[in-house]
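Here is a friendly briefing to read alongside the model. Have the viewer open and follow the topics in turn.

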Amino acid sequence: MTQATLGFGAMRLPQTDANNPASIDMEEFTKMVDYYMEQGFNYFDTSYAYHNEKSEGALKKVLVERYPRESYQIANKIPTWLLEKESDNEKLVDVMLERLGIEYFDVLLIHNINKALLPKAEKANSFEYIKKAKEEGKALKVGISFHEKVELLEEVLKKYSDVIDVALIQLNYMDWKDQRIQSEKVHKLCVKYDIEVQVMEPIKGGTLVNVVDSVKEQFKEYSNTSIAEWALRFAGSQENVTVVLSGMTSLEQMKENCKTFKDFKKITKEDHKFLMKMAREIKKTLAIDCSFCNYCLKDCEANIPIPDFFNLYNSEKLYHLESNVDLYHTSAKVYAPASACTECGTCVEICTQQLNIPELLKDVAGLFGR
Ligand code: SF4
Ligand code: SF4
């Protein structure tokens with residue numbers, strides 16, 4: 001079995017303004033890319049949408065214009081939600097290639113296949129399109145990024161397994177047995193169809209690092225391995241996994257993650273058992289199981305900072321801090337309060353964790369007041 005590598009996910013890049021995803025800190029990003037390449041890694045994952053559509057342009061400046069094309073691999077994703085007709089596939093892919101300044105993708109994925117977006121991709125013949133893109137040399141490998149339960153993946157693979165080389169799936173020890181995310185079942189099905197598996201959210205947007213003290217203590221008692229390393233090793237130890245993407249935001253994180261993969265140790269059966277126990281413990285401390293992917297922010301007509309509010313809600317449920325209440329009211333003034341939700345449902349269709357966001361926002365409004 002090939003050893004999994006660390007992929008650089010360009011979705012949580014360092015920012016000069018925490019409230020502006022487009023404000024990528026190019027100086028820090030350059031340092032991170034240079035360090036990552038020096039350490040012998042070379043896999044970059046971006047999308048049309050990341051950082052308010054600025055992620056690809058930043059990669060062009062920092063990577064494409066400074067390194068030979070054969071020295072790195074780039075994966076990109078077709079924004080499924082923008083597909084209205086067949087010709088949109090090619091139009092969007094050409095924009096993506098142009099933004100990056102490259103001639104071909106190493107991996108081209110149809111982004112965020114879920115119940116709501118699969119019909120859009122099928123209506124626009126996206127599966128036929130990616131097959132054609134591969135034949136024409138616009139992509140070396142093609143596939144999907146997947147955010148749904150196993151039944152939908154089965155439906156997709158029954159129809160398109162001859163087209164799909166790669167599936168990018170959410171896989172981490174907390175979601176392994178989770179009934180909503182179903183990491184274990186989804187992974188198993190990919191293995192059954194012999195699809196190459198790439199992993200997103202191995203640390204679940206930081207949830208598996210920012211754990212409460214009692215959980216930290218249990219990790220410490222078990223071994224000296226850092227909490228982040230456990231999460232990455234869990235993902236990289238699974239069958240058919242070739243790339244574990246980490247959305248790193250600082251050089252410090254980058255260094256730690258590179259170290260884990262340079263000297264990669266697969267987890268043992270005993271480790272697996274321990275991590276399943278930790279998953280149950282962490283779950284108990286989370287009121288809202290958001291992965292902070294920010295996908296829901298794009299089209300919220302009420303301009304509600306949804307993931308920030310969920311983060312504050314989780315923190316407030318645990319720690320009851322005055323600062324959480326202050327932060328909520330400041331954000332509510334700058335953007336909009338949780339009670340501004342019109343229940344339009346746009347975010348529900350796109351939520352990668354399948355959360356009932358409008359209902360949860362009612363809880364947020366209830367806790368912090370209007
Ligand atoms: S349901 Fe509410 S939170 Fe979701 S997009 Fe609509 S207004 Fe925004
Ligand atoms: S609510 Fe859903 S879409 Fe929004 S950040 Fe959380 S997981 Fe992502």
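The largest nonpolar core of this predicted model has 85 residues. Within that core, the residues with the most contacts are Ile130, Ala167, Ile169, Val199 and Val244. Strand E4, residues 105–113, provides the largest share of the core, with 6 residues. Apart from it lies another core, of 23 residues, among them Cys293, Ile306, Ala338 and Cys351.

**A look inside the core**

- Ala167 is one of the residues with the most contacts inside the largest core.
- Setting aside residues up to four places away in sequence, Ala167 touches Gly143, Ile144, Phe146, Cys190, Ile195 and Val197.

**Overall build**

- The protein chain contains 16 helices and 8 strands.
- A compact globule of 370 residues would have a radius of gyration near 21 Å, and the protein chain, with 20 Å, agrees with that.
- The C-alpha trace of the protein chain spans about 55 × 45 × 45 Å along its principal axes.
- Buried residues account for 44% of the 370 in the protein chain.
- If you take the contacts in the protein chain between residues at least 6 apart in sequence, 77% of them join residues at least 24 apart.

**Two domains**

- The domain assignment splits the protein chain into domain 1 (5–285) and domain 2 (295–368).
- Between the C-alpha centres of domain 1 and domain 2 there are 25 Å.
- How many residues of domain 1 are in contact with domain 2? There are 9, and they meet 7 residues of domain 2.
- On the side of domain 1 that touches domain 2, the residues divide into 5 nonpolar, 3 polar and 1 charged.

**Ligand 1**

- Ligand 1 is surrounded by 15 residues, and the closest are Cys300, Ala302, Cys341, Cys344 and Cys347.
- Helix H15 (346–350) and helix H16 (357–368) each supply at least two residues of this shell.
- H16 gives the most to the shell around ligand 1, namely 3 residues.
- By type, the shell around ligand 1 holds 10 nonpolar, 3 polar and 2 charged residues.

**Ligand 2**

- Around ligand 2 there are 14 residues, the closest being Cys290, Cys293, Cys296, Pro307 and Cys351.
- The shell around ligand 2 consists of 10 nonpolar and 4 polar residues, with no charged ones.
- Cys293 and Cys351, both among the closest residues to ligand 2, also belong to the core of 23 residues.

**Ile350, in a helix that helps to line ligand 1**

- Ile350 lies in helix H15, and that helix supplies at least two residues of the shell around ligand 1.
- Is Ile350 buried or exposed? Ile350 is buried, because 22 other C-beta atoms lie within 10 Å and the cut-off is 20 or more.
- Leaving aside neighbours within four places in sequence, Ile350 is in contact with Trp81, Tyr295 and Cys296.
- Cys296 in turn is one of the closest residues to ligand 2.
- From Ile350 to Leu108 the C-alpha distance is 20 Å, and the two residues are 242 apart in sequence.

**Backbone angles worth a glance**

- Most residues other than glycine have a negative phi.
- Asn112 has a phi near 55°, a positive value in a residue other than glycine.
- Asn112 sits in strand E4 and is buried, with 28 other C-beta atoms within 10 Å.
- Lys204 likewise has a positive phi, near 55°, and is not a glycine.
- Lys204 is found in the loop between strand E7 (196–200) and helix H9 (213–222).
- Lys204 counts as buried, with 25 other C-beta atoms within 10 Å.

**Ser250, in a loop**

- Ser250 belongs to the loop that runs between strand E8 (241–246) and helix H11 (251–262).
- With 15 C-beta neighbours inside 10 Å, Ser250 counts as partly exposed.
- Which residues does Ser250 touch, not counting those up to four places away in sequence? Ser250 touches Pro14 and Glu28.
- Ser250 and Leu13 are 237 residues apart along the chain, while 7.7 Å separates their C-alpha atoms.

How values were computed
Residues are numbered from 1 along each chain as its sequence is written. Chains are lettered from A and ligands numbered from 1 in the order in which they are written. This is a predicted model: local features need pLDDT of at least 70, side-chain atom pairs count only at pLDDT 80 or more; totals for chains, interfaces and linings use all residues. A residue is near a molecule or strand if its C-beta atom, placed from the backbone, lies within 6 Å of it. Ala, Val, Leu, Ile, Met, Phe, Trp, Tyr, Cys and Pro count as nonpolar, Asp, Glu, Lys and Arg as charged, and the others, Gly among them, as polar. A nonpolar core is a set of buried Ala, Val, Leu, Ile, Met, Phe, Trp, Tyr and Cys residues joined through C-beta atoms within 7 Å. A residue is buried if 20 or more other C-beta atoms lie within 10 Å of its own, exposed if 12 or fewer, and partly exposed in between; C-beta atoms are placed from the backbone. Helices (H or I, at least four residues) and strands (E, at least two) are DSSP runs, numbered from the N terminus. Two residues are in contact if their C-beta atoms, placed from the backbone, lie within 7 Å. The radius of gyration is taken over C-alpha atoms; the globule rule is 2.2 Å times the number of residues to the power 0.38. Domain bounds come from an automatic or database domain assignment.
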